[in-house]
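Biologist: I would like a close look at one part of this model, followed outward to whatever it connects to. Please keep the account plain.

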Amino acid sequence: MKILLNHNRSGKNVPLLISPEEVYGFHRELPGYTPTTLISCESIARYCGVKKILVKDEGKRFGLKAFKVLGASYAVYRYLYEKSGYHLTPDKFLSDEGRNLADGITFYCATDGNHGRAVAWIAKHLGAPAIIFVPEGTVAARINAIESEGAQVIVVKGGYDEAVRRAEENSDGVHNIIISDISYPGNMKIPLYIQQGYLTMFRELSLQIKEHGEKTPKLIFIQSGVGAFASSAATFFNDPVHDPCLISVEPESAKCLLYSVETGDGQPHSFLSPQKTIMAGLNCETPSLIAWPIIRDRFNAFISIEDAYSEEAMRLLAKEGIVSGESGAAGLAALIALCRENPHFIENNLLKKQGATILVINTEADTDPTGYQRIVGKSSEDVLNTKNPT
């Protein structure tokens with residue numbers, strides 16, 4: 001484990017470019033929408049030696065086993081909304097009106113699995129084709145899940161950055177549209193919409209905390225990847241003085257955000273490693289340009305962790321009846337790593353008092369069922385049936 005305090009935060013509020021309520025209103029119009037659950041895990045809190053842990057469980061989001069559809073759906077909607085001359089309304093997005101706007105379009109993206117399936121799901125609902133590029137070594141279950149939504153999957157020789165490059169080669173901005181969660185020169189608008197799409201999760205969270213009578217978390221662990229999700233958290237919790245402390249979590253072999261902060265020049269940097277992490281959704285080499293400054297100016301700390309901590313977190317969550325994949329468990333994994341290797345770090349550096357509520361987010365379920373059973377010792381069905389016997 002490596003941890004780095006962010007001493008270069010701006011101390012200013014992150015600009016909120018869109019109302020989370022507006023994004024939340026869009027998602028509530030999608031078929032099958034329901035808020036994901038917020039769970040208090042007392043046994044895990046005791047295991048970690050903290051007072052309170054809340055888990056926001058994204059494993060059942062729209063039946064796709066991951067949260068990514070929040071960003072992909074909103075980005076495609078905003079693209080078609082602009083194409084319509086700003087007339088398309090959320091309730092018409094997946095109707096004939098939206099399908100007509102999508103006619104003749106092929107949607108492209110690069111993915112480690114979850115984002116690609118989300119783009120394919122939206123394309124299917126619009127009656128449009130999707131072509132998804134994945135890095136070599138992507139497990140068959142994640143490829144099959146994308147193909148089950150009717151998309152074509154192309155495996156590239158290389159890592160995630162190469163998959164991004166291949167997807168970009170096919171984009172013409174008219175008939176071939178790339179729905180990318182990583183931004184780079186010439187591709188800044190769609191990634192911004194994806195970041196904004198994730199605001200729905202945090203809006204749900206704020207409502208659930210009030211409904212459940214819970215205290216607002218003082219510390220939130222966020223899986224980072226290229227930074228789209230992390231920047232959304234920074235945008236929603238945009239007050240560095242009164243809002244929760246935010247900790248970025250990355251695998252030790254894919255820590256491009258921590259490495260970028262560590263360089264100290266304020267710029268994003270790629271981090272290349274010959275090792276691959278089991279946290280496939282976080283196996284990213286380069287920060288998103290549009291996400292990076294938001295993260296740099298707001299996050300309190302950056303952590304990189306070894307894969308073994310993710311496996312331990314998956315098993316702990318399974319005991320609570322929560323099915324969590326390798327990337328999904330990363331937030332809890334970072335908390336476990338901290339409590340074991342640097343138990344006083346949180347109190348000494350981030351929180352002024354003990355006993356604060358900590359939030360982790362399970363961003364995915366068992367998107368690799370074979371790997372899940374190997375790590376946890378049970379299938380996801382067994383985990384759910386054991387916790388909730390019929």
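Which side chain meets that of E326 in a salt bridge, and what is the N to O distance?

Modeller: The model is predicted. The side chain of E326 meets that of R142 in a salt bridge, with 3.4 Å from N to O. The two residues belong to distant parts of the chain, 184 residues apart: E326 sits in the loop between α13 and α14 (330–341), and R142 in helix α6. E326 and R142 are both buried.

On the E326 side, the next residue to look at is S310. Leaving aside residues up to four places away in sequence, S310 touches E326, along with M279, A329 and A333. S310 is part of helix α13 (residues 307–319). Its relative accessibility is 0%, so S310 counts as buried.

On the R142 side, helix α6 covers residues 140–147 and lies across β5 (130–135) and β6, running at about 150° to β6. Strands β5 and β6 belong to an open sheet of four strands with parallel pairing, in the order β6-β5-β4-β7. Its edge strands, each pairing on one side only, are β6 (152–156) and β7 (176–178). Direction ignored, neighbouring strands of this sheet are turned by 25° against each other on average. At the β7 end, strand β4 (residues 106–110) runs parallel to β7 and is joined to it by three bridges. One residue pair there is T106 with its bridge partner N176 in β7.

The loop that leads from α6 to β6 holds a further salt bridge. E149 and R117 meet through their side chains at 3.1 Å, N to O. This pair also links distant parts of the chain: E149 is in the loop between α6 and β6, R117 is in helix α5 (residues 114–126), and 32 residues separate them. Both partners fall under the 20% limit for buried residues. E149 counts as buried because its relative accessibility is 6%, and R117 is buried with a relative accessible area of 16%.

These two pairs belong to a wider set, since side chains of opposite charge can pair when their charged atoms come close. Over the whole structure, a search finds 19 salt bridges. One of them joins the side chains of E204 and R61, at 2.8 Å from N to O. E204 lies in helix α9 (residues 199–212) and R61 in the loop between β3 (52–57) and α3, so this pair ties together parts that are 143 residues apart in sequence. E204 is buried at a relative accessible area of 1%, and R61, at 1% relative accessibility, also counts as buried. Salt bridges link E204 and R61 with K56 and E58 in a network.

Helix α3, at one end of the loop that holds R61, also takes part in aromatic pairing. A search of the whole structure finds 20 aromatic pairs. In one of them, the ring centres of F26 and Y74 are 5.5 Å apart and the planes stand at 65°, so the pair is edge-to-face. F26 lies in helix α1 (residues 20–27) and Y74 in helix α3 (residues 69–83), so the contact ties together parts 48 residues apart in sequence. F26 and Y74 are both buried. Ring pairs extend this into a cluster of F26, Y74, Y77, Y81, Y86 and F93. A separate ring, that of Y24, has R28 over its face, at 4.2 Å from the ring centre.

Back towards S310, strand β10 (residues 301–305) comes before α13 in sequence. Five of the five residues of β10 are buried. In a regular strand, side chains alternate between the two faces of the sheet. Here both faces of β10 are covered, with A301, I303 and I305 buried on one side and F302 and S304 on the other. Strand β1 (residues 2–5) runs antiparallel to β10 and is joined to it by four bridges, while strand β9 (residues 245–251) runs parallel to β10 with five bridges. A301 appears in both pairings: it is the bridge partner of L5, and I247 stands opposite A301 as well.

Definitions and conventions: Residues are numbered from 1 along each chain as its sequence is written. This is a predicted model: local features need pLDDT of at least 70, side-chain atom pairs count only at pLDDT 80 or more; totals for chains, interfaces and linings use all residues. Side-chain values use heavy atoms; hydrogens and water are left out. Buried means under 20% relative accessible area, exposed over 50%, partly exposed in between (1.4 Å probe, protein chains only). Contact means heavy atoms within 4.5 Å. Rings of Phe, Tyr and Trp (its six-membered ring) pair if their centres lie within 6.5 Å; planes under 30 degrees apart count as stacked, over 60 as edge-to-face and the rest as tilted. A charge sits over a ring if NZ of Lys or CZ of Arg is within 6 Å of the ring centre and within 35 degrees of the ring normal. Two strands pair if DSSP finds at least two bridges between them. Axes are lines fitted to C-alpha atoms, for helices over the stretch in contact, and angles run from 0 to 180 degrees between N-to-C directions. A salt bridge is a side-chain nitrogen of Lys or Arg within 4 Å of a carboxyl oxygen of Asp or Glu.
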